[in-house]
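Reader: Before I rely on the terms used for a model like this one, I would like to see how each of them is justified. Could we go through them one at a time?

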There are 2 protein chains.
Amino acid sequence: MLKRTVFFISDGTGITAGALGKLLEHFPGTNFTQVRLPFSDTLDKIKQAQEDILNAAEEDGGRPVVIMSLGNIELRNTLKQSNAYFIDLFNTFIDPLGLELDQQPLTGAGIAHSVMGTKYNDRMEAVNFTLNHDDGMTNSGLEEAQVILIGVSRCGKTPTSVYLAMQFGIKAANYPLIPEDFERGSLPAVLHKHLDKIFGLTIKPERLHAVRNERRSGSFYASLDNCRKEIATAEDLMRSAGITWADSTSRSVEELSAIIMEKTRKHV
Amino acid sequence: MLKRTVFFISDGTGITAGALGKLLEHFPGTNFTQVRLPFSDTLDKIKQAQEDILNAAEEDGGRPVVIMSLGNIELRNTLKQSNAYFIDLFNTFIDPLGLELDQQPLTGAGIAHSVMGTKYNDRMEAVNFTLNHDDGMTNSGLEEAQVILIGVSRCGKTPTSVYLAMQFGIKAANYPLIPEDFERGSLPAVLHKHLDKIFGLTIKPERLHAVRNERRSGSFYASLDNCRKEIATAEDLMRSAGITWADSTSRSVEELSAIIMEKTRKHV
């Protein structure tokens with residue numbers, strides 16, 4: 001498989017450049033090694049980066065990809081003397097967008113501080129809310145939730161909730177469906193008044209069996225037979241309550257979150 | 001303040017396009033409204049998007065910014081007939097990068113599945129580890145941690161740990177410094193053998209006072225005087241143990257994470 005090293009070189013935290021790393025997922029046929037060089041704001045650091053680029057090229061047998069975000073033009077031009085494939089965020093995106101908006105872009109450390117506004121506080125508040133409302137920990141404050149994820153134990157509710165909160169500032173509670181609910185044959189009573197913001201997760205029995213076995217190998221809880229029954233009953237409960245659900249078996253938290261935001265759009 | 005609507009239009013989850021939203025942070029002088037239109041994979045949906053673009057332009061008094069990731073060329077060309085400022089990830093990035101790598105890019109739903117590899121599992125395992133090792137919840141398994149964040153209560157340890165885990169797959173435990181530690185004048189005994197992976201967080205007393213007051217207004221715990229004393233003592237403890245720390249007062253979790261990864265680079 002083709003090997004390439006990808007450098008993220010920034011004069012700030014490298015968050016913007018790092019976000020572009022998502023683009024690499026379009027090329028699963030290449031084995032990428034990712035190297036982050038944040039706070040590269042002096043000529044010495046850029047020269048060190050150039051050496052690293054040279055070494056990586058030799059090791060990989062192919063020139064590195066450099067995703068760069070450097071506000072200083074001298075540093076930018078120096079770095080570009082390396083033999084690499086450059087994605088220059090300033091040339092490609094930030095400067096042209098600045099022309100469109102008729103506004104000088106902030107650079108480097110200036111940005112990090114500018115993001116600490118209301119939206120940032122909302123995200124952090126959502127993370128706190130989500131951690132305090134993980135796994136049905138408490139019923140108090142559920143009316144504040146924007147989304148309530150439900151599903152059998154270990155179907156992916158927690159990481160999906162955390163992603164929704166951290167990435168989008170959505171207060172996402174999650175609530176497990178447990179044997180008591182299956183015996184009673186209805187959703188937990190506390191959820192009845194929140195049906196409009198509930199979203200279900202389900203999972204394939206074989207996958208749930210594998211996941212549960214990692215923690216409690218050989219238990220009844222983890223047995224394939226029990227997983228099958230729990231999932232079938234949970235899906236019956238959700239169906240009869242009219243709840244939309246998605247299968248987490250082969251979906252990332254990113255993909256599940258996109259689906260949840262799409263389906264519950266009116267609430268978030 | 002200038003108003004602009006930014007549309008993220010994708011035939012998949014919109015994760016790649018959404019990541020580009022970070023670029024907007026370079027322009028704090030513009031008030032951006034962000035609209036996500038994932039799964040836009042039919043002509044009908046693209047036509048609806050064009051109407052939304054038109055309406056947003058009228059409302060804002062300026063043409064929208066459209067960050068688009070559409071694999072299908074017909075949909076792409078149709079969308080581009082709108083009056084907007086386009087950032088086309090395929091034209092700008094993905095196709096040129098494909099030429100460099102001599103590889104056809106995956107598009108749409110194909111990508112989401114391709115990201116579910118080892119790295120994804122590592123990230124999810126890190127999230128579980130971090131949630132199970134939040135706030136000194138347990139000492140068991142600390143040897144598995146790649147980073148242990150310490151600091152006074154409510155200085156930002158939890159959201160930073162969660163971000164490190166979710167974004168970078170780093171198993172980040174966190175451990176509070178509490179009055180008992182201050183009285184004893186040394187770090188908790190359990191941390192002594194992990195000094196090489198401990199990173200400290202500190203915060204300005206005024207900010208800590210405000211944060212604690214939100215939860216426990218008027219308490220001794222939240223008083224400015226107690227916050228000052230706790231922070232001074234915590235910094236003394238960290239200094240004498242040779243622990244590097246960063247001030248979280250005006251730094252986002254993204255920025256703190258970049259600093260922590262930089263400083264503890266040998267471990268992550």
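Author: What follows takes up symmetry, domains, a sheet and one arginine in turn, and the model in question is a predicted one.

Reader: What makes the relation between chain A and chain B that of a two-fold axis?

Author: Chain A can be laid on chain B by a turn of 180 degrees with a shift of 0.0 Å along the axis, and the RMSD of that superposition is 0.1 Å. A half turn without a shift is the relation of a two-fold axis, and therefore the term applies here. In chain A, the C-alpha nearest the axis belongs to Ala19(A), at 2.6 Å from it.

Reader: How do you know that the same surface serves both copies?

Author: Of the contact residues of chain A, 100% recur in chain B, where contact stands for heavy atoms within 4.5 Å.

Reader: Which domains does the assignment give for chain A, and how many Å separate their C-alpha centres?

Author: The domain assignment gives domain 1 as residues 2-114 and domain 2 as residues 118-267 of chain A, and the C-alpha centres of these two domains lie 38 Å apart.

Reader: Why are β2 and β4 of chain B said to stand at the edges of their sheet?

Author: The sheet is an open one of four strands, in the order β2-β1-β3-β4 of chain B and with parallel pairing. Because β2 (30-37) and β4 (85-88) each have a single partner strand, one side of each is left without a neighbour in the sheet. From one strand to the next, the twist averages 20 degrees.

Reader: What makes β1 and β2 of chain B count as paired strands?

Author: Pairing asks for at least two bridges between the strands, and β1 (residues 2-10) shares eight bridges with β2(B), in the parallel sense. Within this pairing, Thr5(B) stands opposite Thr33(B) of β2(B).

Reader: Why is Arg123(B) described as buried?

Author: The term requires a relative accessible area under 20%, and because Arg123(B) has 14% relative accessibility, this residue of helix α6 (residues 118-132) of chain B counts as buried. Beyond its neighbours within four places in sequence, Arg123(B) is in contact with residues of both chains, including Val253(A), Glu254(A), Met166(B) and Phe168(B).

Reader: What makes the approach of Arg123(B) to Glu254(A) a polar contact?

Author: The limit for such a pair of N or O atoms is 3.5 Å, with one atom able to donate a hydrogen and the other to accept it, and the side chains of Arg123(B) and Glu254(A) make their polar contact at 2.7 Å.

Methods
Residues are numbered from 1 along each chain as its sequence is written. Chains are lettered from A and ligands numbered from 1 in the order in which they are written. This is a predicted model: local features need pLDDT of at least 70, side-chain atom pairs count only at pLDDT 80 or more; totals for chains, interfaces and linings use all residues. Side-chain values use heavy atoms; hydrogens and water are left out. Copies are superposed by least squares on the C-alpha atoms of residues with pLDDT of at least 70 in both. Domain bounds come from an automatic or database domain assignment. Helices (H or I, at least four residues) and strands (E, at least two) are DSSP runs, numbered from the N terminus. Axes are lines fitted to C-alpha atoms, for helices over the stretch in contact, and angles run from 0 to 180 degrees between N-to-C directions. Buried means under 20% relative accessible area, exposed over 50%, partly exposed in between (1.4 Å probe, protein chains only).
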